[in-house]
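Take a look at the structure below. A short walk through three of its loops follows.

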Amino acid sequence: MKLLFVIPRNKSLFGDKGMTAHPHIGVAYLCSYLKEHNVDIEIFDDGLEGGLKRLDYIIDDFKPQLIGITIFSYCYSYAYNLIKRIREKTNTPIVAGGPHICAIGKKILEDAKIEFAVKQEGEFTLLELLNEFQKNDPDFSGIKGLIWKNKDGGIWENPDRELIADLDSLPFPDYDSFGLQKYPCYKQKTLPLITSRGCPFGCNYCSVRLSMGQRFRARSAENVYLELKTLYERGFNSFDINDDCFTLDEKRASDICGLIIENNLDIRFQLYNGIRVDTVTPDLLKKMKRAGCYFISYGCEAGNDKVLKAIKKGISLKQVRSAVACANAAGIHNSVNFIIGHKEETYRDALDTLNFADELPTNFVNFYNLLPYPGTESLEWAKQYAHFLVPPDSFLENISYRDNKPVFETKEFTKVQREEIIRRGFDLYRKKILNFRLGKVLGPIIYWITRNNFINKFSTNFALTNPLGRFIYLRLSRKSFTTKEG
């Protein structure tokens, strides 16, 4: 059986086309599992290939029997355009997967010309679908986790599949099928790592529970260490741990670090995804530092205890201060994330968030414009109590995390007030991160030079996407990327 994976390009935080730095880890897991079951795999990564003629060539040459495409809600329009392009080229059946499917369900088969979609984890469901294709008279009704279209055009949604409990049973991600050497991460010797799936918390703005479930499932410390060791022996020494809950099980996190230390694995890693402030301790952070952790991002989201309660974050500002202090004491650089535009948030509440973020002794703060994702409580609340400034079915196409364009407004927090707070939040972010990355002399100079929005966006894109710009930026900011020796 031949399967072609198509990966749409990403949209950056600023709403433009993002840079693809490394292979898609979710697809890499699917590749390794399916190849163990004799599935022939080919991959087209739109964010890297730089043109759709390559996709046409692969379809003609590889002749896949099924085409898989992964879709994020934030970038769904890119995926829909790719599907349209594929349909102009071939009638090969298409199966979609990814977080967007978990958010909108069978509507995906109404919106796009595809035959199948996979809900939540795809390893087992996708293999069963491929096996069914081998039969003379395939019957897709018994495949759990599958949404499908019959010959008459009717759309059926099968029962959900049980989440994979034993993550150690899965093979390590297959990055080689991507042509790893083509990605920027290959030269940087950096790769992503996922050590757990699922999040047991109920934050009202978050869609993770839709795709990964609320049951926390973790790989064993030994299994994580073995993957790290395998990649380290291939020359990779830097890792981005993309878990939502890496430190939820303190003993497991400590054991992972212990194995790294005991076996003298000379690596460095960061947790940029945003871990919870109530799942770290001084002892754990000190051990993480010894194991090579050089950066942590904390998810706070609001600098007001009333708002934190309204969004079901389950933390307090006191815990945020404590977590930042503990990371500083351990010598781990850190940032704290905030979102503007929450349920029940007022203008005064948002001012509290700005003041709290400004006073925190963290290295820098991230501010994001709230995007209420499909399937979240945040979106349903907004539909009932707020006035949308952009149609609810199109804001993901037109607005980004770093746009000063609120999706909705309320009487307690108007459009003009939201724009003011978002602008001030973005300004605080720039001031703090430039001081952190470039130092207390060069940082303020660059901050004042780039206060104009056009200059700021141009310089940011130059530093992050242009090879020369990125080289200069990394050279100037190298001291902020701390190693184990500090």
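**Three loop residues**

Lysine 189 is a good place to start. This is a predicted model, and lysine 189 sits in its loop between α8 and β8. The strand β8 covers 190-193. Lysine 189 has a phi near 55°. That value is positive, and the residue is not a glycine. Is lysine 189 buried or exposed? Neither label fits: its relative accessible area is 25%, so it counts as partly exposed, because that class runs between the 20% and 50% cut-offs.

Now move to asparagine 264. It lies in the loop between α11 and β12. The helix α11 spans 250-262, and the strand β12 spans 268-275. Asparagine 264 also shows a positive phi, about 50°, although it is not a glycine. Its relative accessible area is 66%. Exposed means over 50%, so asparagine 264 is exposed.

Last comes serine 169. Its loop runs between β7 (155-157) and α8 (184-188). With a relative accessible area of 45%, serine 169 is partly exposed. What lies 2.6 Å from a polar atom of its side chain? The backbone oxygen of aspartate 166 does. Serine 169 can also be placed against a residue farther along the chain. Arginine 219 is 50 residues away in sequence. In space, the two are 9.1 Å apart, C-alpha to C-alpha.

Conventions:
Residues are numbered from 1 along each chain as its sequence is written. This is a predicted model: local features need pLDDT of at least 70, side-chain atom pairs count only at pLDDT 80 or more; totals for chains, interfaces and linings use all residues. Side-chain values use heavy atoms; hydrogens and water are left out. Helices (H or I, at least four residues) and strands (E, at least two) are DSSP runs, numbered from the N terminus. Buried means under 20% relative accessible area, exposed over 50%, partly exposed in between (1.4 Å probe, protein chains only). A polar contact is a pair of N or O atoms within 3.5 Å; within protein, one must be able to donate a hydrogen and the other to accept it, and residues adjacent in sequence count only if both atoms are side-chain atoms.
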